[in-house]
Each structure stands twice: as structure tokens, then as C-alpha cells.
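User: Could you go through the charged side-chain contacts in this one with me? I'd like to take them a few at a time.
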Amino acid sequence: MKEKTKYALLTVLGVFLAAAIPVCLILYGVQTKKYMDLSREVTRLEQKQEKLIEENKRLVSDISVLSSSTRIEKIAVEELGMHKAESAEIVRVDMTGNNNE
């Protein structure tokens, strides 16, 4: 009787191992696919980040060019017909904050 029980346990163990190996291989394949998908996503996001950084650098450069005082003064004089105010043209307003009058 002991021999039959031992043989039955070894058979069950053999069947379990035979079934476990393909299951492990399938799980490994699923994990590998997930890893590859995530790896591609990371690469795509890194490329997008590089493009955004370059665009940001370009925009910062454009801002400094467009906001330069020389450019603003040129537009004011040539396109808007403005000129620098002379001392006599400057009017100063004194705000005392006295509301009693």
C-alpha cells in the first residue's frame, strides 16, 4: 500500500511540474511583452520630452528677442510715431491722499 501511495504522489508531482513549466513560460512571455510595451512608451515619452525642451528653449529665445528694449523703441518710433519725451513735456501729478477738501 505504501508503494502505491508513493507512486501516486510522484505521479501527481510529475503532472504538476509538467503543467507548471508551460504556465511559467507563458507568464514569462506576458511579462516580457509588458516590459517591451513599457520600454517603447518610455522611449516615446523621452523623445517627446526632448522636443518640448527644444521648443521651450526656442520660445524663451523668441521672448528675449521680442522684448528687447531696442526692438520696442524701434517699433514705437517707426510704426507708432512716438518719440522720447523732453523734460518740458513731462507732467508730474502729486497725489497727497488728503480727502478733506
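User: To start, how many salt bridges does a search of the whole structure find?
Analyst: This is a predicted model, and searching the whole structure turns up 6 salt bridges.

User: Which residue does Lys 33 form a salt bridge with?
Analyst: Lys 33 pairs with Asp 37, and the closest N and O atoms of that salt bridge are 3.0 Å apart. Both residues lie in helix H1, which covers residues 2-66, and they are 4 residues apart, about one turn of the helix.

User: And what links Lys 33, Asp 37 and Arg 40?
Analyst: Those three are joined in a network of salt bridges. Asp 37 also forms a salt bridge with Arg 40, where the closest N and O atoms are 2.7 Å apart, and this pair too lies in helix H1, with 3 residues of separation, about one turn of the helix.

User: Is Asp 37 buried or exposed?
Analyst: Asp 37 counts as partly exposed because its relative accessibility is 32%, whereas Lys 33 counts as exposed at 52% and Arg 40 is exposed with a relative accessible area of 51%.

User: Switching topic, what about Lys 84, which residue does that one bridge to?
Analyst: Lys 84 forms a salt bridge with Glu 73, with the closest N and O atoms 3.9 Å apart. This pair links distant parts of the chain, since Lys 84 sits in the segment after helix H2 (69-78) while Glu 73 is in helix H2, 11 residues apart.

User: How exposed are Lys 84 and Glu 73?
Analyst: Lys 84 is exposed, having a relative accessible area of 61%, while Glu 73 is partly exposed at 41%.

Conventions
Residues numbered from 1 in each chain as written. Predicted model: local features only at pLDDT ≥ 70, side-chain atom pairs only at ≥ 80, totals over all residues. Heavy atoms only, no water. Salt bridge = Lys/Arg side-chain N within 4 Å of Asp/Glu carboxyl O. Helix = DSSP H or I, 4+ residues; strand = E, 2+ residues; numbered from the N terminus. Buried < 20%, exposed > 50% of the residue type's maximum accessible area, 1.4 Å probe, protein only.
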